[in-house]
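Biologist: Could you walk me through the structure I just opened? I would like to talk about its rings, its charges and its sheet.

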Amino acid sequence: MGMTKHTEYAWAAGFWDGEGCTYRHLNQAKSVTWNRGATPGMSLGQSGSREGLDRFQTALSGLGKVYGPYPQPEGPGRKPRYRWELVGRWRCQQALAYLWSYLSSEKKDQAKRVFQECRKD
């Protein structure tokens, strides 16, 4: 590929800034968790091809999983959708650490807010 890791982190952060989100993932299991019901999650969607999501996952040392394709209703311009997702406090912290230096203040604030909200549950 010829790209340095920092170039890939910067690329991944740009992709994340435009398309990704950090959110509260509500746990379905009744087990005791760090935050009693919610944990941070990260999600990134793309339509047409999963190539960008695979590159994003590789830039983050394989963290997360790419799901799809999810078929879309028939119609002009409709393409299958794919989604990269990661759930869990430690895994999300690790992924954000790769991106942090290159993220916009908006995405940093979003992540901080989610982690704070999960601590309240």
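Modeller: We can take the aromatic rings to begin with, then the charged side chains, then the sheet and the helices. Please keep in mind that this is a predicted model.

Biologist: How many aromatic pairs does a search of the whole structure find?

Modeller: The search finds six aromatic pairs. One of them is formed by Phe15 and Phe56, which meet edge-to-face, with 6.0 Å from centre to centre and 85 degrees between the planes. This pair links distant parts of the chain, since Phe15 belongs to helix 1 (residues 5-19) and Phe56 to helix 2 (residues 51-59), 41 residues apart.

Biologist: Phe15 and Phe56, buried or exposed?

Modeller: Phe15 is buried, and Phe56 is buried as well.

Biologist: And how are the rings of Trp16 and Phe56 arranged?

Modeller: Their centres lie 6.0 Å apart and their planes make an angle of 15 degrees, so the pair of Trp16 and Phe56 is stacked; planes under 30 degrees apart count that way. Trp16 is in helix 1 and Phe56 in helix 2, so this pair ties together parts that are 40 residues apart in sequence. Trp16 is buried, as is Phe56.

Biologist: Which residues do ring pairs link into a cluster?

Modeller: The cluster consists of Trp11, Phe15, Trp16, Phe56 and Trp84, linked by ring pairs.

Biologist: Switching to charges, what sits over the ring of Trp11?

Modeller: The charged end of Arg55 sits there, 4.0 Å from the centre of the Trp11 ring. Arg89 likewise lies over the face of Trp90, at 3.7 Å from the ring centre.

Biologist: What does Arg55 form a salt bridge with?

Modeller: Arg55 forms a salt bridge with Glu8, and the closest N and O atoms of the two are 2.7 Å apart. Arg55 lies in helix 2 while Glu8 lies in helix 1, so the salt bridge ties together parts that are 47 residues apart in sequence. As for accessibility, Arg55 is partly exposed, with a relative accessible area of 25%, whereas Glu8 is buried, with a relative accessible area of 6%.

Biologist: How many salt bridges does the structure hold?

Modeller: The structure holds three salt bridges. Among them, Asp54 pairs with Arg50, with the closest N and O atoms 2.9 Å apart; Asp54 is partly exposed at 26% relative accessibility, and Arg50 is partly exposed at 31%. There is also a salt bridge between Arg83 and Glu85, for which the model puts the closest N and O atoms 1.9 Å apart. Arg83 counts as partly exposed at 27% relative accessibility, while Glu85 counts as buried at 17%.

Biologist: OK, now the sheet. In what order do the strands come?

Modeller: Four strands form an open sheet in the order 1-2-4-3, with antiparallel pairing. Strand 1 (20-26) and strand 3 (65-70) stand at the edges with a single partner strand each, so one side of each has no neighbour in the sheet. Neighbouring strands are turned by 30 degrees against each other on average, direction ignored.

Biologist: How many bridges join strand 3 to strand 4?

Modeller: Four bridges join strand 3 to strand 4 (residues 81-87), and the two run antiparallel. Tyr70, for example, has Arg81 in strand 4 as its bridge partner.

Biologist: And which strands does helix 2 lie across?

Modeller: Helix 2 lies across strand 2 (38-47), strand 3 and strand 4, and runs at about 20 degrees to strand 4. Helix 3 (residues 89-99) lies across strand 2 and strand 4, and runs at about 55 degrees to strand 2.

Definitions and conventions:
Residues numbered from 1 in each chain as written. Predicted model: local features only at pLDDT ≥ 70, side-chain atom pairs only at ≥ 80, totals over all residues. Heavy atoms only, no water. Phe/Tyr/Trp six-rings, centres within 6.5 Å; stacked < 30°, edge-to-face > 60°. Buried < 20%, exposed > 50% of the residue type's maximum accessible area, 1.4 Å probe, protein only. Lys NZ or Arg CZ within 6 Å of the ring centre and 35° of its normal. Salt bridge = Lys/Arg side-chain N within 4 Å of Asp/Glu carboxyl O. Pairing = 2+ DSSP bridges. Axes fitted to C-alpha atoms, helices over the stretch in contact; angles between N-to-C directions. Contact = heavy atoms within 4.5 Å.
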